[in-house]
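Got the viewer open? Let's walk through this one together, from the whole chain down to a single turn.

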Amino acid sequence: MTSSPTAVATATAPVNRSPALERLVHALEGTVLGQPQVVADLVTAFLARGHVLLEGVPGVAKTLTARSMASALGLAFTRVQFTPDLMPSDILGTNVFRPQDNAFQLVKGPVFTEVLVADEINRTPPKTQAALLEAMEERQVTIDGTTHALPSHFFVVATQNPLELEGTYPLPEAQLDRFLMRVRVGYPPPESELDMVRAFHQRQGKAAQVERVLDASALAELQVQAARVACDDSILSYVVRLIRETRSNPRVRLGASPRSSQALLAAAKARAALNGSDFVTPDDVKSVCPSVLNHRLLLKAEAEVEGLTADDVLRQTLERVQVPR
């Protein structure tokens, strides 16, 4: 099962994938059963130094996926349950006066971590959602005028339920745009669900454990290698033409921005690295296009009335734009 109905490539293990990435993918797929495309997108986003919005109904292993990723990477993991009464200071932290020192001391919030899981992010008001903007964009936070750096591997995995809308606050465009990918997590196929239940039985109800497979130096090197993946001018032109096609579509009210073209390129380079290639192909661009762009398009009202979705528009876009040869 893929994470998006428009996905055009599955997460099969390429022969030339590096041993480090092979260990990472194997560790994740051994815990998050039946979701190879979700695993591929999550690893791709991390290699591209982006953030991920996991969208799916409760119980499809969204939080487990994020926790498994953190464990396999050996990174510090913090989970925050977003609620309507959550305040920005609950995320960022606050300065507290210490009488014994006659000075203020920063009490850091959960954002000071390496992998932050923002569970049900659309259940908190926009003011609190916006508290993550600076952290996601610049990997730093400003508290009372003082800027504090976050870890270099800071990685946000937010979750939301697309069906239960009562008491929620839809993410504004500025917030959505900070996510490199929106990955839809569906139900696993029957055989994977059977394996899942069998593993749960064998563990006697205990939580699944994922061992660390990479060290800090390996993580940095993988991200550097992804950024260095070669890209021909024809691929760059293909990326721009895809983005511009979304803007000229008569069913689209707001197409993808120039930032989207950079995000699409970064994700394609990371996907090429994940596939064990040192150059980007059109298939790499196609495979990440749905997850990178499906949350960046706003459709016209009449298109939504007709039942058209952003995934439909992207499918049409990929069919219309000529692939470089």
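**Stop 1: the whole fold**

Start zoomed out, with everything selected. A compact globule of 325 residues would have a radius of gyration near 20 Å, and the protein comes in at 20 Å, so the two agree. Keep in mind that you're looking at a predicted model. Line the view up with the principal axes and the C-alpha atoms fill a box of roughly 70 × 45 × 40 Å. Switch to cartoon and you can page through 14 helices and 11 strands.

**Stop 2: inside and outside**

Now colour by accessibility. Of the 325 residues, 49% are buried. Turn on the surface next: about 15300 Å² is exposed, with carbon and sulfur atoms supplying 53% of that area.

How far apart are the mean positions of the positive and negative charges? Select the 33 positive and 36 negative charges and compare their mean positions: these lie 2 Å apart.

While you're here, show the contacts. Taking those with a separation of 6 or more, 78% link residues 24 or more positions apart.

**Stop 3: a hairpin**

Next, select residues 93–98, which form strand β3, along with residues 103–108, which form strand β4. These strands run antiparallel and are joined by 6 bridges. Zoom in on Arg 98: its bridge partner in β4 is Ala 103.

Last pick: the 4 residues between the strands of this hairpin. Which residue there takes a positive phi? Click on Asn 102, where phi is near 55°.

Note on methods. Residues numbered from 1 in each chain as written. Predicted model: local features only at pLDDT ≥ 70, side-chain atom pairs only at ≥ 80, totals over all residues. Heavy atoms only, no water. Helix = DSSP H or I, 4+ residues; strand = E, 2+ residues; numbered from the N terminus. Rg over C-alpha atoms; globule rule 2.2 N^0.38 Å. Buried < 20%, exposed > 50% of the residue type's maximum accessible area, 1.4 Å probe, protein only. Contact = heavy atoms within 4.5 Å. Areas by Shrake-Rupley, 256 points an atom, 1.4 Å probe, with all protein chains shown as cover. Lys, Arg positive; Asp, Glu negative; His and termini not counted. Charge placed at Lys NZ, Arg CZ, Asp CG, Glu CD. Pairing = 2+ DSSP bridges.
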